[in-house]
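Colleague: I would like a close look at one part of this model, namely the positions that carry a binding-site annotation in chain B. Please describe how they are placed and what surrounds them, and then set them in the context of the rest of the structure.

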Amino acid sequence: MGLKLCLSSTLKFSPISILRPISQSTKNPLRRSLLLVRALSADAAAGTTTIAPDTTPDDFRVAKAPQWKAAIDFKWIRENKEAVAANVKNRNSNANIDLVVELYDKLMNVQKEVEGLRAERNVVANRMKGKLEPSERQKLVEEGKNLKERLVTLEEDLLNLTDELQQEAQCVPNMTHPDVPVGGEDCSSIRKMVGKASEFSFSVKDHVQLGKDLNIFDFDAAAEVSGSKFYYLKNEAVMLEMGLINWAVSEVMKRGFTPLITPEIVRSSVVEKCGFQPRGTNTQVYSIEGSDQCLIGTAEIPVGGIHMDSIIPESSLPLKYVAFSHCFRTEAGAAGAATRGLYRVHQFSKVEMFILCRPEESNSFHEELIEIEEELFSSLGLHFKYASDFISSGFKFSFDVLTIVFPIHFPLAGLMTSSNFHRTIDMATQDLGAPAYRKFDVEAWMPGLGRYGEISSASNCTDYQSRRLGIRYRPESSIPPKKGKGSSTPTRFVHTLNATACAVPRMIICLLENYQQEDGSVVIPEPLRRFMGGLEIITPKIQIRC
Amino acid sequence: MGLQWCLSSTLKLSPLSILRPISQSTKIPLRRSLLVRALSAATVPTTIASAITPDDYRVVKAPQWKAAIDFKWIRENKEAVAANVKNRNFNANIDLVVELYDKLMNVQKEVEGLRAERNVVANRMKGKLEPSERQKLVEEGKNLKERLVTLEGDLLKLTDELQQEAQCVPNMTHPDVPVGGEDCSTIRKMVGKPREFSFFVKDHVQLGKDLNIFDFDAAAEVSGSKFYYLKNEAVMLELGLINWAVSEVMKRGFTPLTTPEIVRSSVVEKCGFQPRGTNTQVYSIEGSDQCLIGTAEIPVGGIHMDSIIPELSLPLKYVAFSHCFRTEAGAAGAATRGLYRVHQFSKVEMFILCRPEESNSFHKELIEIEEDLFSSLGLHFKTLDMATEDLGAPAYRKFDVEAWMPGLGRYGEISSASNCTDYQSRRLGIRYRPESSVPPKKGKGSSASTQFVHTLNATACAVPRMIVCLLENYQQQDGSVVIPEPLRPFMGGLEIITPKSK
C-alpha cells in the first residue's frame, strides 16, 4: 500500500537544510498558521489574517524554500481522501488532509490557468508576425505585456503553491496495515509471548547495582567527562558488548544479510528523508556545529541512504543488510525512572537489520525480521512458550496454549534460576512514527527494574522512506525504455524495512538482571560465550577504591 | 622531566568554554593583546590594540579552567624552557611568562602591603581620636581601599594572562629526542623488509573496490567526502581487528573500556587538544559545550579527572575501544586517498597512569607492545623516535610506527606512543598520594604530599590504517587477500578474501 507515485519529482539534494518538514513536526506553529491563512483566505476567513504577523521573515523563508522534495502521490491522496484522513486521525497526526487536497486542487487550477495564458500569449505573438496597422500592433503589444505580467504573477503563485503543498503533504504519515490495532499504547496487541517470568529465591538487584558490584560500569566519571546519561563500560561489560555485537552480526549474516559498518555523521537532509527531525527544540538528533551534518540516532539512516537517488535492478532485490554502528540521541525530554542506568543513554552500540524489497514482499519480510529477532532473543533464554496468533484469531493472548522447550545446553544450568522472558507487540496506530506502516516491538522482562522494557523493534516503512530517499527499482517484466525519451513509468519505489538485531545496553540490562545469581555473579548465556573468549560467568571482584 | 607543580590551583570545571588556551593555538589574534600589554611596558605603539575586538578581550579575561602550572619552576629554569620551546618550534613566549609571573608576584606583594597598611589604619581608628585625626584616617582608609580594588583587579587580570600564556608552553622534552624537523627523527627499530611482488600491486582503494568491501561513493552522498561504508569481509576485518587488539592487550594486564564519544570541550582542552578555532580537528556539537572525541585518549584521560589515586592502584593500565571523529581540516593531497585519512574510524587505544619515575619504562613497554602486535601480523615497519618539531604540546617523547604500504608505495603511520609526563595530569587534576609520605595532619592537610601522575597513550590498533596495510601487503596475484593467521580466530576462521562476481 502506501502512497502511489505521481510527481516523478526532482529529488535534488541541497547541502543546507533549515527545514523541519517531517510529519511529527506539527508543533511548529508558524508554518501551520501561515498555510492556514493562505488556504482559508480563499474562503471567507478574512479575519484570520491577523495570525500572519506572528510569522517572522525567517518563517516565510522556511515556508517558501523546501530543500528537497519527497515524491508524494498527491493525486492518490486526493482520490483516497477519506481513507487518508481516517488514517491521520487514527495515528493522532496533525496532518491536514483537507488542506493538502485544497492546495493540490489550487495548484492544478493555477497550472491550467498558466497553460491557458501561455497559449493566449502564443496566439498574440503569432498575430504580431504578420503586417499590421500601427494601432493594431500597439494593441497587441499592450495585450502581450498584460499577459506576460499576469503570467509572471501566476508562475510565482505556482511555485509557492508547489512548495506549500510539498510542505504540507510531507506531514502526512504512512498508511497503516489493516491488522494494526487502532488507538493508543494500551491498544497494542500481544503478538507472541516467550518464556516465563523469572522466579528468584533471593532479592534481585537492578543492573545499576549489579554493574557497580561487578565493577563493570562507570556512570560517575562519565557524568564529569561528558554529562549525565553517558557511561564507560569496564572489564567484562566490554567483553559483553563486543560479544553481543559479534554474536548478533554473525547470527544475522548466517541468514543471508550483508554486513556493513556505516558513517555516524550524515547530512541532515538524509536524516529528514528517513523520517526523522534533525532540528527543533525537542529533536533527538545531535547536530554538528557549523555544518549541515548530524550524528545518527540509528544505522537505519546511513543504510537507508546507501542507495539514495538510484534505481536498483529488480534482480538485486531483496537487499538485506546488517549494520553495526554507534548511535547518538539527545534524549531531550526523557525523564523519570525509565532513565536509570543503561536504559536510556546518549550513546550506544546497535546492530540493525535493513531490507529493501519489492512492494509485494514487504509484509512477508516484516514477518521474517520479527522472527529473526524472536529467534535471537529466545536463543539467549531457556524455554519458549508460544501462544497462538492472537491477531488473526482475534482473541487476546493466552499463555499456555503451546509449549516448546528448546534443547539448549547450559553447562552451568544448575546456576540458572531465571529464564529470559519477552513478548512481541503489534504497536497500535498512535504509537507508530510517521514512516511506519506497521511496527512490532519486542519487550523483555527486566526483573531488576521490575517491568518490561523495549529491547527492539521492527518496522515496515513501505515506500515512505524510498519516496524521500529516491530509491526505485525497475521491474524486469517491464518494457525496456525506448530510445530518446525513456518512459518513466517502469520504475517503482522499493519498500524499506528496519529492525533491531541487538541494542547493546538494553541487552546488557536484560542479561545482567535475568541471569544474576544469589552471590552477585552473572551467568553468560551459552550462545554468547564463544564470542567472549569462553567466559561463562562474571563474578564480583575485590576493588581498590580510587 | 616536565614541569613541577606550584599553584595548588582551582581545577574547576566550567560548563561553557569559549576558550582556546591550548598551546598550538598561536594563530589567534588575541595573543597580540597580550603582547601589547607586555611590551607597552617598554616602548611599543598601542595602535595595534585597536585591531582587537571586544570579544578577544573577553576571552583574555575569562579562562574557564586552570592548569596547575609550576610558574616558579619555569622562572628558575627559564633558559632550558626557552630552549625547549625553540627546539619544538612553538610560539610560547617564556620571557613574557616570566615577566607576567614577576609582575604578578610584585602586585601580590603590593596588595599584601596595602592590606597590612589598611589593617594598621583600621586598628588606629579603634582608639579615641580627634575628629580631624579620624577624618584623616577615614580619608586614608578610603584611599587605601581604592588602591586595593584597582590592584586586586590587576591581580586577577595578571593571573588570567599568566595562565593563558603559560598554557601555551609545551611539555619539556626527553634528552634523547633528536632536535629538529621531521627528517631528524631517528629510527629506533626496523622490523621485516618490504615484500617482493611478482605482479603489479594494487592500492587498497582498488583492492577494496574489486573485493566489494568498501563504498566511498555512497558515503560521499550520505555524509560527505572522506566517509566510507565497510561491507562484507571488511566488516569482519574491522570487528576481528578490534577483538584481536583488545584481547591481546588485555592479556598484558590492561583493563578494557568502552568510552563516551561525546565529551565536554574542557576535557578536550585539558588533554592538550584545541576544540575550537578555524583549523580545529575537533567536531563540536551544536548548542552545547560538547565535542566528539578524536581519540579515546580524551575520555580515558578524563576518567580520573580531579581525583587523588592511592599509590598502590598505580600503574592504571587501560585499553579502550572507541570510534574517533576528526574534521581533518586542511588535510589534502595523495595521503588522503581511500581509508588513509578519514573523518571517522575505530581505534583501540592504550593508556597508562603511573608514578613519575616509571613513565619512561612504561613508554618503552607501550612501544614494545605495539611492535609485538604488528610483528605478529607479519608487517614490515619501522619505529621512529620523533624529532622535537614533530611533538605535540603534551608529548615529552613520542614513538611512531610507520608500516610499509606497497600499494601507496610508501611508509604510513599506523600508530604512535607518547609519554605526556605531567602535562595532562596538571590540566586534568590527576594526583596520587605517595605511600611513604606523612599522612595529612588533622585540620590543614598538607597538600605537598600529593604528586601529579604521569600519563602515556599509545595506539594498539587504528583500524582503517591496519586495513590499508593488510590489504596492500597480503594481496595475491588473483586479487584475493590472505588474512594473517592471528586474526583468523577473530573472523570466524576466515583465511582469505576473494573477489566476488557482482
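Modeller: What follows starts at the annotated positions and then moves outward to the cores, the interface and the salt bridges. Please keep in mind throughout that this is a predicted model.

The positions themselves come from a record. In an unreviewed entry, UniProt gives the annotation "binding site" to B:T295, B:R326, B:E349 and B:N457. The same wording, again from an unreviewed entry, covers B:R326, B:T327, B:E328, B:V342, B:H343, B:Q344, B:F345, B:E413, B:I414, B:S415 and B:S416.

I begin with B:T295, which sits in the loop between β6 (290–292) and α11 (297–302) of chain B. With a relative accessible area of 4%, B:T295 is buried. Leaving aside neighbours within four places in sequence, its contacts are B:F273, B:C324, B:R326, B:K347 and B:E349, and two of these, B:R326 and B:E349, are listed with B:T295 in the annotation.

B:E349 belongs to strand β9 (residues 344–354) of chain B, and this residue too is buried, at a relative accessible area of 3%. Beyond four places in sequence, B:E349 is in contact with B:T295, B:A296 and B:E297, with B:Y318, B:V319 and B:A320, and with B:N457, B:A458, B:T459 and B:A460. B:E349 therefore has both B:T295 and B:N457 among its contacts.

Strand β12 (residues 410–419) of chain B holds B:I414, and B:S416 is placed in strand β12 of chain B as well. B:I414 counts as buried because its relative accessibility is 2%, and B:S416, at 12%, also counts as buried. Apart from neighbours within four places in sequence, B:I414 is in contact with B:F374, B:L379, B:V401, B:A403, B:M405, B:T459, B:A462, B:R465, B:M466 and B:C469. For B:S416 the corresponding contacts are B:E370, B:K398, B:F399, B:D400, B:N457, B:A458 and B:T459. The residues B:N457, B:A458 and B:T459 thus appear around B:S416 and also around B:E349, while B:T459 is a contact of B:I414 too.

One contact of B:I414, B:L379, leads to the nonpolar interior. The largest nonpolar core has 122 residues, and A:L244, B:L241 and B:L379 are those with the most contacts inside it. Helix α9 (residues 236–254) of chain A gives the most to this core, with 11 residues. For B:L241, again without neighbours within four places in sequence, the contacts are B:C461, B:V463, B:M466, B:I467, B:L470 and B:L487; of these, B:M466 is in contact with B:I414 as well. Apart from this core lies another, of 68 residues, which includes A:V225, A:V270, A:F354 and B:I293.

The two chains also meet directly, with 53 residues of chain A in contact with 56 residues of chain B. The area buried between them is about 4700 Å², and carbon and sulfur atoms give 63% of it. On the side of chain A, the residues A:V225, A:Y232 and A:I261 supply 14% of the area buried against chain B, more than any other three residues. Two salt bridges are counted between the chains, and the side chains of A:E289 and B:R276 meet in a salt bridge at 3.2 Å, N to O.

Over all chains, a search of the whole structure finds 46 salt bridges. Among them, A:K192 and A:E374 form one whose closest N and O atoms are 2.9 Å apart. Because A:K192 lies in strand β1 (residues 189–194) and A:E374 in helix α12 (residues 362–379) of chain A, this pair ties together parts that are 182 residues apart in sequence. A:K192 is buried at a relative accessible area of 9%, and A:E374 is buried at 2%.

In chain B, the side chains of B:R252 and B:D372 meet in a salt bridge at 3.4 Å, N to O. B:R252 lies in the loop between α9 (233–251) and β4 (255–258) and B:D372 in helix α12 (residues 359–376) of chain B, so the pair ties together parts that are 120 residues apart in sequence. Here B:R252, at 29% relative accessibility, counts as partly exposed, and so does B:D372, at 42%.

Notes
Residues numbered from 1 in each chain as written. Chains lettered and ligands numbered in written order. Predicted model: local features only at pLDDT ≥ 70, side-chain atom pairs only at ≥ 80, totals over all residues. Heavy atoms only, no water. Core = buried A, V, L, I, M, F, W, Y, C linked by side-chain atoms within 4.5 Å. Buried < 20%, exposed > 50% of the residue type's maximum accessible area, 1.4 Å probe, protein only. Helix = DSSP H or I, 4+ residues; strand = E, 2+ residues; numbered from the N terminus. Contact = heavy atoms within 4.5 Å. UniProt positions renumbered as here; feature names shortened; annotations may be inferred. Buried area = accessible area lost by both parts, 1.4 Å probe. Salt bridge = Lys/Arg side-chain N within 4 Å of Asp/Glu carboxyl O.
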